[in-house]
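Let's take a walk through this structure together, one element at a time. Keep the 3D view open beside you and turn it as we go.

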Amino acid sequence: MSFLVGLTPATAQQLERIAQRRSVESGETVIHAGDPETHLYLVVSGELTVQTPQGQVVIGPGEVVGEMAFLDQAPRSADVQASCPGELLMIERDAALREFSDHPEQLSELIEQLQAVRQRRLAWH
């Protein structure tokens, strides 16, 4: 399921407005475990592979990665690499907080959606 589909159109449009496009090549590391950065990545095309202690998980178009650090600002918990060439939307945490500062209901919606993703992903660990 696409992450953006779970958001209202207004919230999805605001996220797309502040997102930066990033092209990735096969094998490129997008996230290093232990890094302090807190960006959220939405896969537009291609696939990302998340290396967990239990193995690999593939993240495809419409899905997000980086939700844990985006929510709690903790260091990254896993390495993430591009499985093939692709496009990502990178959403900076601080930019999102600024964008939604006048729209607390939309910020709440975003956080709830990310928490739902995190709950599903905690089953990986």
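A good place to begin is a pair of strands: β3 and β8 run antiparallel and are joined by 5 bridges. One of the residue pairs to look for is Leu40, whose bridge partner in β8 is Ile91. Please bear in mind that this is a predicted model.

Now widen the view to the sheet. Its 4 strands follow the order β1-β8-β3-β6, in an open sheet with antiparallel pairing. The edges are formed by β1 (20–24) and β6 (64–65), each of which pairs on one side only. Strand β8, residues 86–91, also pairs with β1 in the antiparallel sense, over 5 bridges. You can follow this pairing residue by residue: Arg21 has Leu89 as its bridge partner in β8, and Ser23 has Glu87. How many of the 6 residues of β8 are buried? The count is 5, so β8 is largely enclosed by the rest of the structure.

Next, turn to helix α4. This helix has 19 residues and reaches 26 Å from its first C-alpha to its last, close to the 27 Å expected at 1.5 Å a residue. Its buried residues are Gln106, Glu109, Leu110, Gln113, Leu114, Val117 and Arg121. Viewed down the axis of α4, these buried residues fall within an arc of 125°, so they line one face of the helix. There is a simple piece of helix geometry to recall here. An α-helix has 3.6 residues a turn, so residues three or four places apart point the same way. On the other side of α4 you will find Pro104, Glu105, Glu112 and Gln119, which are exposed.

What do the buried residues of α4 pack against? Their partners are α1 (9–18), β3, β5 (55–59), β6 and α2. A residue worth clicking on here is Glu67, found in helix α2. Glu67 has a relative accessible area of 3%, under the 20% cut-off, so this residue counts as buried. Leaving aside neighbours within four places in sequence, Glu67 is in contact with Leu40, Leu114, Val117, Arg118 and Arg121. Among these contacts, Leu114, Val117 and Arg121 are also buried residues of α4, while Leu40 is the residue paired with Ile91 of β8.

From here we can move into the nonpolar interior. The largest nonpolar core has 20 residues, and those with the most contacts inside it are Phe3, Leu15, Ile91 and Leu114. The elements giving two or more residues to this core are α1, β3, α2, β8, α3 (93–99) and α4. Phe3 makes a handy centre for your view: not counting residues up to four places away in sequence, Phe3 touches Leu15, Leu42, Gly62, Val64, Leu110, Gln113, Leu114 and Val117. Another core, of 15 residues, lies apart from the largest one and includes Ile31, Ile59, Val65 and Met90.

Finally, let's look at the charged pairs. The structure holds 5 salt bridges. One of them joins Arg22 and Glu28, with the closest N and O atoms 3.0 Å apart. Both partners are partly exposed: Arg22 has a relative accessible area of 21%, and Glu28 has 26%.

Another salt bridge brings together the side chains of Glu37 and Arg76, at 2.9 Å from N to O. This pair links distant parts of the chain, 39 residues apart: Glu37 sits in the loop between β2 (29–31) and β3 (40–45), and Arg76 in the loop between α2 (67–72) and β7 (79–82). Is each partner buried or exposed? Glu37 is partly exposed, with a relative accessible area of 22%, whereas Arg76 counts as buried at 6% relative accessibility.

The last pair on our tour takes us back to α4. The side chains of Arg118 and Asp72 form a salt bridge, at 3.2 Å from N to O. Arg118 lies in helix α4 (residues 104–122) and Asp72 in helix α2, so the pair ties together parts that are 46 residues apart in sequence. Arg118 is partly exposed at 21% relative accessibility, and Asp72 is partly exposed too, with a relative accessible area of 41%. As you saw earlier, Arg118 is also among the contacts of Glu67.

Terms used. Residues numbered from 1 in each chain as written. Predicted model: local features only at pLDDT ≥ 70, side-chain atom pairs only at ≥ 80, totals over all residues. Heavy atoms only, no water. Salt bridge = Lys/Arg side-chain N within 4 Å of Asp/Glu carboxyl O. Buried < 20%, exposed > 50% of the residue type's maximum accessible area, 1.4 Å probe, protein only. Pairing = 2+ DSSP bridges. Contact = heavy atoms within 4.5 Å. Expected span 1.5 Å × (residues − 1). Arc of directions from axis to C-beta. Core = buried A, V, L, I, M, F, W, Y, C linked by side-chain atoms within 4.5 Å.
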